[in-house]
Structure formats: C-alpha cells, structure tokens
Amino acid sequence: KGKCPEDGWDESTIELFLHELAIMDSNNFLGNCGVGEREGRVVSGLVARRHYRLIHGIGRSGDISAVQPKAAGSSLLNKLTNSVVLDVIKLAGVRTVTSCFVVPMATGMSLTLCFLTLRHKRPKAKYIIWPRIDQKSCFKSMITAGFEPVVVENVLEGDELRTDLEGVEAKIKTLGAENILCVHSTTSCFAPRVPDRLEELAVICANYDIPHIVNNAYGVQSSKCMHLIQQGARVGRIDAFVQSLDKNFMVPVGGAIIAGFNESFIQEISKMYPGRASASPSLDVLITLLSLGTSGYKKLLKERKEMFSYLSSELKKLADNHNERLLDTPHNPISLAMSLKNLDGTNDAAVTQLGSMLFTRQVSGARVVPCGSVQTVNNYTFKGFMSHANEYPCAYLNAASAIGIKKQDVDVFLKRLDKCLKTFRKEAKQEESINEISDANAATEQPED
C-alpha cells in the first residue's frame, strides 16, 4: 500500500526487508560483470554493511526520482520512502498534500533547490520577500540561489514578534509582482518570534499570483504548524514546504523533505537536482518509520506536546523565583523564552556568560540572546541579530520542547539553570556589599588639611 505500518516492525524484520532490497541491485548479483565507471564497488566491508549493501544511491543523472535499472532495490527503497513519508505528513496534519520526496540535503540547500526551480517559471524575478527570522541557513538559501532577499521586519504584539502583512504587501506593490520570485515564510522558529501568518500570506500570494515557499524546518512535529500549512493551502497559495529529517524524525543530519500540493511542480523540483544522490537519508528515515509505525510516531508527537506544557509551567515558576518572567508567546507551539532583565541590566557579557555556563554544564540547545547584537551575513547587516528584531525590549533565554524530549531532560535543565542564576545573584549581592562598604569608607574619611 506504500503506507507507514500502524505497528512498528522489529529490527530483524527490517533487516530482512533491507537485505531483500539489496539483492535486487546489480552490484550484489553473484555473476555480475561490471565494466562501467560506477558499479557499486565498495572496498570496505564495514562501509558496505553500514549501508546494507545498497550502494548505488537513488535516481539517475537527470532526475533524483527516476528508477535506475541496475539498482532495482535502491529504486524501490526510494519510491517506498517517499510514499511512507507522504503518509506520515498527512497523518501529522497536512491532509491534502499530494506529493513529496526526500532529498539528501539539509533544509537550507533544499530551499535553494526550490528557488532555482522557480527561476525557470519567473525569469524576470530577482527578489524574494522574507519576513525576518534570524537563522542563517534560510537567509543564505536565497543568496546561494542568486536572489536578493527583501527583509520585512516583524511587528511586536505584546511579547510576540508577528508577520507584518501590510509590510509584505507594500513591498509587493513597490517592487512589482512580476519582479518577485516568491514569498519565503517560516513556521517553526525560536520564541518570541512565532510562526508566520500563513493563511493571510497565502491569500496575498494568490491575489498577486506570486509563488509561496514555506520553511517548515521542524514543524512536522507540531500540529499547529501543520494546520497552518493545511489552512494556507486551502484558502490561498502554498507551492512547496520544506522540512528537516533530523529535527522531525530523529535521524542523522543530511536530509530534508520537499512537499507540496501540485504534483507536477514537486516533480519539477526533483528533476532540478543534478545527478544521482545518496540513499542514506532515505534509508535512515525508512528504517525509523518502519520501527516506529504510525502508532509509535503519534505517541512521540503526543509526548512532545505534553512536555511542552510541562516545560512551560515549570519554566514560569523558575522565572518567577528569579524575578524574571516567561514571555507570553501563545502562538509558538515548540519554543519558549524567559526574560533575562536582571542580567541585561548589567551588560551583554553577563547574558553571554550564562549561555557559556549552561553549555559547560552539558545543557545543549538553550540559547541566550542579548540585546542589540549586530551581525553581518553575506553583506546584509542585522541589528539585534538572533532576536528577530532590531530592538527587542529585553534579553532572554530560549528553550524548546522538541520531539524525543523526556521529563528528565526538562528537570535537569531547570535544576542547572536555577543553579546558574543563583550564582549570578550571589555574585551581584557580593559586589553590591563591596560597593556599600567602599561608599561608607569614603564618607567617613576626613579631608586632609
């Protein structure tokens, strides 16, 4: 049926299945006589076993989705993986998606591939409208494709940074719709930025006949992000949405899924990929989904959502204890932010030092964002870089509840963060006491004659 099984398979069944696929590739034929330049020869047995002897990769020189005659097993693996992944994307909330394929590149380069495909449809276009998100790979994906990003600053609503719809439409009118390659929006992001207003952006794109590419990097694990994509496609225009394999399916970095609602356009993107491609990302995600089954993946999604609620409530308690506050970002379903006003009041170095302290205490993934840092990326200067705004009101710390997170991770993180913040408070009190003593001594000193 080409669908993800409801119940996961055991490892021996998966290995048997992969060996059956492998013996369909010519490099594993007993009597094979190869006289070409690419015959699936592997000198290391360890490397051959690591790849289950599926050596030929996927696709042909002109199409990553094409069937390779001398690699029937690898080709079948590719077709099955794309079919199973499509089933899981539907299960996760985008029910009307029609086509997808796994590409052996991470999210940034996969976005670049989408932009390069659109170039042939819109040869006059040179601009990409991009509601600002301070993440380098999605910005560089536009530069690498040879286009000029048009940055639309976000609007501060309460604590949240949201899409400036009027700003997007104003840029379209100023530049001319025919000169714009697409709108490049984002779902999953670090708080206090929240997912873009996809429905409204999709309507704007439909009204002006402008393509719409969505960076859904780690959004598959969020029912809210997937709902936004589904609704955007229903009321307006979304041409493709791109998501990472490692962030959503807990496999090694190196693959992404390009999906959409128009099968012919998704096929165009796959044909734009030059040459054959590594089968490793496809193999990794197929093994993972066969071992989980739909029931196992649904369970992980449910646990992630529960851990988000737990992290939110516990981080709020901790923030209150340290005279800070959990920023109010209800539209962000994955990431949270806690203010660092007490540290920000001293200097940026204190905020950065907190990040270093957490990292040396084996807390990975937490981000500390000072106020007013400036960074240049590909000759574009961003004020307040990492905070998604030129001037966010305060410094803050990020933590995310991503798929696979456990209660123990949350508890240990909060314990270590609490200890680090107490260290800062203790040092601040000591410094205050020293200053008071110095002031008192200065006041009692008698002036010399």
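This text walks through the structure, from its sheets to single residues.

The model is predicted: local features need pLDDT of at least 70, side-chain atom pairs count only at pLDDT 80 or more, and totals for chains, interfaces and linings use all residues. Residues are numbered from 1 along each chain as its sequence is written, and side-chain values use heavy atoms, with hydrogens and water left out.

Start with the vocabulary of helices and strands. Both are DSSP runs, numbered from the N terminus: helices are H or I with at least four residues, strands are E with at least two. Two strands pair if DSSP finds at least two bridges between them.

Now look for the sheet of 7 strands. This sheet is open, and its order is 1-9-8-7-6-2-3. Its pairing is mixed. Strand 1 and strand 3 are the edge strands, and each pairs on one side only. Neighbouring strands of this sheet are turned by 20° against each other on average, direction ignored. Such angles come from axes, which are lines fitted to C-alpha atoms, for helices over the stretch in contact; the angles run from 0 to 180 degrees between N-to-C directions.

Two pairs in this sheet repay a closer look. Strand 7 (residues 212-215) pairs with strand 8 in the parallel sense, over 3 bridges. There, I213 stands opposite A240 in strand 8. Strand 2 (residues 127-131) and strand 3 (residues 148-152) are also a parallel pair, with 5 bridges. P131 stands opposite V152 in strand 3.

What links strand 2 and strand 3 into a β-α-β unit? Helix 5 (residues 136-144) does, and the unit is right-handed. Right-handed has a set meaning here: with the strands pointing away from the viewer, the path from the first strand over the helix to the second runs clockwise.

Next comes helix 10 (residues 263-272). Its buried residues are F265, I266, I269 and S270. Seen down the axis of helix 10, these residues fall within an arc of 145°, so they line one face of the helix. The arc is that of the directions from the helix axis to the C-beta atoms. Buried means under 20% relative accessible area, exposed means over 50%, and partly exposed lies in between (1.4 Å probe, protein chains only). There is a general rule behind such faces. An α-helix has 3.6 residues a turn, so residues three or four places apart point the same way. What covers the buried residues of helix 10? The cover includes strand 1 (99-103), helix 4 (107-121), strand 8 (240-244) and strand 9 (256-260).

Turn to the sheet of 3 strands. It is open, with the order 10-14-11 and antiparallel pairing. Strand 10 (335-339) and strand 11 (367-369) stand at the edges, each with a single partner strand, so one side of each is left without a neighbour in the sheet. The twist averages 25° from one strand to the next. Strand 10 and strand 14 are joined by 5 bridges. S335 stands opposite A400 in strand 14.

Helices lie across this sheet. Helix 11 (residues 280-321) crosses strand 10 and strand 14, running at about 0° to strand 10. Helix 13 (residues 348-360) lies across strand 11 and strand 14, and runs at about 175° to strand 11.

Now for single residues. In an unreviewed entry, UniProt lists K247 for "modified residue: N6-(pyridoxal phosphate)lysine". UniProt positions are given in the numbering used here, feature names are shortened, and annotations may be inferred rather than shown by experiment. K247 sits in helix 9 (residues 245-249). Is K247 buried or partly exposed? K247 is partly exposed, because its relative accessible area is 37%. Leaving aside neighbours within four places in sequence, K247 is in contact (heavy atoms within 4.5 Å) with A217, Y218, Q221 and I403.

The backbone has some special points too. The peptide bond from A191 to P192 is cis, with omega near 10°. P192 is found in the loop between strand 6 (180-186) and helix 7 (198-208).

N379 and H388 each have a positive phi without being glycine. For N379, phi is near 70°. N379 is in the loop between strand 12 (374-377) and strand 13 (380-383). N379 is exposed, with a relative accessible area of 76%. For H388, phi is about 65°. H388 lies in the loop between strand 13 and strand 14 (396-400). H388 counts as buried, because its relative accessibility is 0%.
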